Amino acid sequence: MATDALEAVDLVKTYPAGRKKPRLRALDGLTFSVPEGVVLGLLGPNGAGKSTTVKILTTLSRADSGTARVVGYDVNRSQEQVRRSIGYVPQKSSSDPLATGVENLVLSGRIYGLSRSLAVRRASELLERFELTAVGDRPVKTYSGGMQRKLDVALGLVHRPRVLFLDEPTTGLDPEARAELWNEVGRLSGDEGLTVLLTTHYLEEADWLADQLAIVDHGKVVAEGTPEALKAELRGDSVHVELVSPDTDGLVHRLLSDLPGVGEIVVEGNVLRARVDHGATAVPAVLGALEDKAVPVTAVTVSRPSLDDVYLRYTGRSFRSVEGEAA
Ligand SMILES: Nc1ncnc2c1ncn2[C@@H]1O[C@H](COP(=O)(O)OP(=O)(O)OP(=O)(O)O)[C@@H](O)[C@H]1O
């Protein structure tokens, strides 16, 4: 049987929460596995445990209990082998802005023990791979955001890792640079068999890039599967209503709860989301119920379930609001 590239079983991690308070359970039995060559998207609200998971898998932190393996190596017992098998691209760039792209790559290669000539050769290979050859001799501080990010990914690949960790790789990039990086990452896993663990604040990115998703909440994986399978599990339609004013007293929630065929109602500020059996029949009923109690509405939309709906279903919060908090 092929070994999974990443495997986490029943990970528990607690942190001190202050004097006389019980320890905070950042991971509470987190379990998932990723076959080789697959891009896994780890999604979850702030504080769900994504970074803690990445820290444990990259040997930067130890779990209180449970096991984790990277390409078959136990993260506690074989730290050295794990470190040699992984590349880590942190959210904040680790490149030296005053040094050139080539200098950054060569230095990184040398740190990983490559000879000078091998490091230079690898640097030029990676610059070509990421279409950065033309700017390789320019200081990194003169690069565009997209170029810098590509260099960051290249830096994570200098030692030919088998697993790459990408922490929110496209935050702050414009849509064009984001799409370009998605293509690069897609190619790395598709053509080169690299396994990628990605944390992201963009559902669109997870939908496009991840072969598999694990939604994490309160230190556990609450749902996993391909984006398509997760969406297909949600039957019916999603209704999204914008109210003129926020539902401060819970009236809107109560009104909709009484309607047949309407469920999973979540009201956040002046946005109401619900799952309905049939959009075409539910919308008039929803609008009628709101109008009866003189609740004014700005807009209403009906759509097929999206990843945002999947997220809402498993975490009880819409991803958009989480994104808003994070921004
Ligand atoms: N060193 C630490 N000491 C105390 N508590 C911590 C520490 N690191 C993380 N935590 C807590 O553990 C929980 C999980 O944090 P973690 O950073 O793993 O979440 P996350 O899903 O990565 O969130 P984000 O999307 O905000 O990065 C949070 O409640 C956080 O406050």
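## Helix α5, the cores and the ligand shell

At 1.5 Å a residue, the 13 residues of α5 should span 18 Å, and the end C-alpha atoms of α5 are 19 Å apart, which agrees. The expected span is 1.5 Å times one less than the number of residues. Helices are DSSP runs of H or I with at least four residues, strands are E runs of at least two, and both are numbered from the N terminus.

This is a predicted model: local features need pLDDT of at least 70, side-chain atom pairs count only at pLDDT 80 or more, and totals for chains, interfaces and linings use all residues. Residues are numbered from 1 along each chain as its sequence is written.

In α5, 11 of the 13 residues are buried (20 or more other C-beta atoms within 10 Å of their own, with C-beta atoms placed from the backbone). Among them are M147, L151 and L155. Their cover includes β6, α3, α4, β7 and α6.

The largest nonpolar core (buried Ala, Val, Leu, Ile, Met, Phe, Trp, Tyr and Cys joined through C-beta atoms within 7 Å) has 72 residues. L40, V70, V196, L197 and L198 touch the most other members. Helix α5 gives the largest share, six residues. A second, separate core has 12 residues, including V252 and L255.

The ligand is surrounded by residues including Y15, L24, K50 and T52 (C-beta atom, placed from the backbone, within 6 Å). Helix α1 gives the largest share of this shell, three residues.

| Class in the shell | Residues |
|---|---|
| Nonpolar | four residues |
| Polar | six residues |
| Charged | one residue |

Here Ala, Val, Leu, Ile, Met, Phe, Trp, Tyr, Cys and Pro count as nonpolar, Asp, Glu, Lys and Arg as charged, and the others, Gly among them, as polar.

Key: Two residues are in contact if their C-beta atoms, placed from the backbone, lie within 7 Å.
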